[in-house]
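Me: Please take a close look at one part of this protein for me: the largest pocket. Tell me what lines it, and then what surrounds the elements that build it.

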Amino acid sequence: RRLAFGIRAIDGLHLLAEPDMSLIAFSSDVVSPFHLVDEMKARGWYVQPQLGLHGLKANVHLSITPASLGHVDTFLADLAASVRAARDQVHGPMVGAIRDMVAGGGAAAFASVDGGSLGSLLAAAGIDPQNLPDRMADIHAMMNALPPDVANAALVEFLNSLYTPTA
């Protein structure tokens with residue numbers, strides 16, 4: 001309850017729903033949730049980005065455990081600082097290009113995601129798929145711009161490539 005109350009008190013954040021148990025999801029209309037996740041990571045916190053799906057906006061997802069109780073105040077202070085830091089951050093040009101392509105009906109170009117296609121997309125954005133950056137906001141935003149079935153297929157393909165032996 002303290003965490004939910006604290007999130008609601010941070011200017012620019014809002015809960016997606018009132019939490020019943022140990023899961024909190026929140027978003028923002030003033031900062032990218034993906035940049036917010038990067039800022040929290042830089043402060044030593046792992047918070048999970050969630051792509052937008054079925055009418056829900058991209059958001060941040062927290063799983064709360066009893067061990068979380070002693071860290072609420074520090075977490076909220078770092079979250080408020082992260083919101084301030086994320087306010088002026090913008091996504092790279094590849095994110096806008098993908099959004100424009102999808103909006104213009106070009107999503108069919110991604111309809112047959114297969115081996116290497118996500119790697120090609122990352123490479124086109126100037127990202128080495130074998131050496132991902134510490135800040136993942138642009139990658140998350142690119143995935144969020146794709147149609148959900150294409151994003152899911154790309155994620156499966158990418159995760160499989162991480163855990164498939166090369167020799």
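Reply: Here is the pocket, followed by the parts connected with its lining.

The model is predicted. The largest pocket has a volume of about 490 Å³. Its lining is made of 21 residues. Nearest the centre lie Pro-49, Met-136, Ile-139, His-140 and Leu-155.

Five elements give two or more residues each to this lining: helix H2 (33–42), strand S3 (48–50), helix H5 (117–124), helix H6 (137–145) and helix H7 (148–162). H7 gives the most, with four residues. By class, 16 of the lining residues are nonpolar, two are polar and three are charged.

Now take the strand in that list. S3 belongs to an open sheet of four strands, in the order S1-S2-S4-S3. The pairing is antiparallel. Which strands stand at the edges? They are S1 (13–15) and S3. Each has a single partner strand, so one side of each is left without a neighbour in the sheet. On average, neighbouring strands are turned by 35 degrees against each other, direction ignored.

At the S1 end of the order, S1 and S2 (residues 23–28) pair in the antiparallel sense over three bridges. One of the bridge partnerships joins Leu-13 to Ser-28 in S2.

Helix H2 comes next. H2 packs on the sheet and touches S1, S2, S3 and S4 (59–63). The direction of H2 makes about 45 degrees with that of S4. H2 thus appears twice here: it packs on the sheet, and it gives residues to the lining of the largest pocket.

The loop between H2 and S3 holds Trp-45. This residue forms an aromatic pair with Phe-75. The geometry is edge-to-face, at 5.0 Å centre to centre and 85 degrees between the planes. Phe-75 sits in helix H3 (residues 72–86), 30 residues apart from Trp-45, and the pair links distant parts of the chain. The count of aromatic pairs comes to one.

For comparison, turn to the second largest pocket. About 340 Å³ of space lies in it. Its lining has 17 residues, and the closest to its centre are Arg-1, Arg-2, Leu-3, Met-21 and Ile-64. Helix H1 (residues 2–9) gives the most to this lining, with four residues. Here the classes divide into nine nonpolar, three polar and five charged.

Terms used
Residues numbered from 1 in each chain as written. Predicted model: local features only at pLDDT ≥ 70, side-chain atom pairs only at ≥ 80, totals over all residues. Heavy atoms only, no water. 1 Å grid on protein atoms, 1.4 Å probe; cavity = no way out; pocket = protein on both sides within 12 Å on 5 of 7 lines; lining within 4 Å. Points joined across faces, edges and corners; volume = space filled by probe spheres on them. Nonpolar A, V, L, I, M, F, W, Y, C, P; charged D, E, K, R; others polar. Pairing = 2+ DSSP bridges. Axes fitted to C-alpha atoms, helices over the stretch in contact; angles between N-to-C directions. Contact = heavy atoms within 4.5 Å. Phe/Tyr/Trp six-rings, centres within 6.5 Å; stacked < 30°, edge-to-face > 60°.
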